[in-house]
Amino acid sequence: MPTLTGTISYIKNFIQDQDVAAIVPSSSFLVKRVCKWIDFDESAVIVEYGPGNGVFSEYILDNMTDDSTLILIESNPDFVETLEEMTADDPRAIVVEDRAEHVEDILNEHGFEEVDYIVSGIPFSFLDEETRVELLRTTHDVLAGDGKFLVYQYYNHLEEPLREHFSEVTKEREYLNIPPTIRAYEACK
Ligand SMILES: C[S@@+](CC[C@H](N)C(=O)[O-])C[C@H]1O[C@@H](n2cnc3c(N)ncnc32)[C@H](O)[C@@H]1O
């Protein structure tokens, strides 16, 4: 659960860094809605794009098996520090200060050829068209055959590109979040 200090620091980062894109962290309702698509009984390699102050990361670490790995790719240095503190005693977590666009190189550097899930909260609408398409292509490529891309977005701009890149896409909405009516997608490779 986010603390008051954590929420204040989140708001500070929102003001200073336009890529943060949300004024407060995602709600626990959204976290559960998205993470229900992860099979926590199986060992898995999970990547998170844009974990922020770690609301999804904490839930995933609490639920994943001891031999699973969670790779956190975050561009904001303040959030990276928070995530490093949060995961300092957990050898299953790898925190990387970088951009999601470099996921392929990041996975190579850490010895992973493919991953089971990618959870993403980055604002795809802030990326230019070419970068957005390239990131969807790379995301699809690094997923295992039965891998899933789990993504939540405030605007309805990603559904069509997701359907172009993935074989099956399920959409849900979560109203108990700030802002409400956020879209959550399960995109299967
Ligand atoms: C809307 S916030 C979501 C934060 C958190 N996942 C949550 O649900 O509360 C977006 C996050 O993505 C990060 N971010 C934005 N663009 C990114 C990129 N291209 N690569 C990695 N992180 C990015 C921001 O710094 C921020 O932490």
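This is a guided tour of a predicted model, going stop by stop through its sheet, helices, core and ligand shell.

**Stop 1: strands E1 and E2**

Start by selecting strand E1 (45-49) and strand E2 (69-74). The two strands run parallel and are joined by five bridges. To check the register, pick Val45 and look across to Thr69 in E2, which stands opposite. Now show what connects the strands: the chain leaves E1, passes through H3 and arrives at E2, in a right-handed β-α-β crossover. While E2 is on screen, colour it by burial. Five of its six residues are buried, so the strand is mostly covered.

**Stop 2: on to strand E3**

Keep E2 selected and add strand E3 (residues 93-97), its parallel partner over five bridges. Two pairs help you to follow the register here: Leu72 has Val95 as its bridge partner in E3, and Glu74 stands opposite Glu97. Add helix H4 (77-87), and you have another right-handed β-α-β unit, made of E2, H4 and E3.

Next, zoom in on two residues of E3, Ile94 and Val96. Which of these has 20 other C-beta atoms within 10 Å? It is Val96, and because 20 is the count at which a residue is classed as buried, Val96 is buried. Ile94 has 18 such atoms around it and is therefore partly exposed.

Their contacts are worth displaying too. Leaving out sequence neighbours up to four places away, Ile94 touches Thr69, Ile71, Leu72 and His110. With the corresponding neighbours within four places set aside, Val96 is in contact with Ile71, Leu72, Ile73 and Ile106. For a sense of scale, draw two C-alpha distances. Ile94 and Asp78 are 16 residues apart along the chain and their C-alpha atoms are separated by 16 Å. Val96 and Asp41, 55 residues apart along the chain, have C-alpha atoms separated by 26 Å.

**Stop 3: strands E4, E5 and E7**

Move to strand E4 (115-120) and strand E5 (residues 143-153). They run parallel, with five bridges between them, and Ser120 stands opposite Val151 in E5. Helix H6 (residues 129-142) completes a right-handed β-α-β unit with E4 and E5.

Then add strand E7 (182-188). What is the sense of its pairing with E5, parallel or antiparallel? E5 and E7 run antiparallel, joined by six bridges. One pair to select is Tyr152 with Ala184, its bridge partner in E7. E5 itself is mostly covered, with eight of its 11 residues buried.

**Stop 4: a cis peptide**

Follow the chain back from E7 into the loop that comes after strand E6 (168-174), where you will find Pro179. Show the backbone here: the peptide bond between Ile178 and Pro179 is cis, with omega at about -10°.

**Stop 5: helices H2 and H3**

Select helix H2 (28-35) and colour its buried residues: Leu30, Val31, Arg33, Val34 and Cys35. Their cover includes H3, E4, E5, E6 and E7.

For H3 (55-63), the residues to colour are Val55, Phe56, Ser57 and Ile60, which are buried. These buried residues of H3 pack against H2, E1, E2, H4 and E4.

**Stop 6: the nonpolar core**

In soluble globular proteins, nonpolar side chains tend to be buried together. In this model, the largest nonpolar core has 47 residues, and Ile46 and Val115 touch the most other members. E5 gives the largest share of this core, five residues. Centre the view on Val115 to see its contacts beyond four places in sequence: Val45, Ile46, Val47, Leu107, Val142, Leu143, Ala144 and Gly147.

**Stop 7: around the ligand**

Finish at the ligand. Of the 24 residues around the ligand, which come nearest? They are Pro25, Ser26, Gly50, Gly52 and Gly121. Highlight H3 and E2 once more, as these are the elements that give two or more residues to the shell. Last, colour the shell by residue class: 13 residues are nonpolar, six are polar and five are charged.

Note on methods: Residues numbered from 1 in each chain as written. Predicted model: local features only at pLDDT ≥ 70, side-chain atom pairs only at ≥ 80, totals over all residues. Core = buried A, V, L, I, M, F, W, Y, C linked by C-beta atoms within 7 Å. Buried ≥ 20, exposed ≤ 12 C-beta atoms within 10 Å, placed from the backbone. Helix = DSSP H or I, 4+ residues; strand = E, 2+ residues; numbered from the N terminus. Contact = placed C-beta atoms within 7 Å. Near = placed C-beta within 6 Å. Nonpolar A, V, L, I, M, F, W, Y, C, P; charged D, E, K, R; others polar. Pairing = 2+ DSSP bridges. Right-handed = clockwise from strand over helix to strand, strands pointing away.
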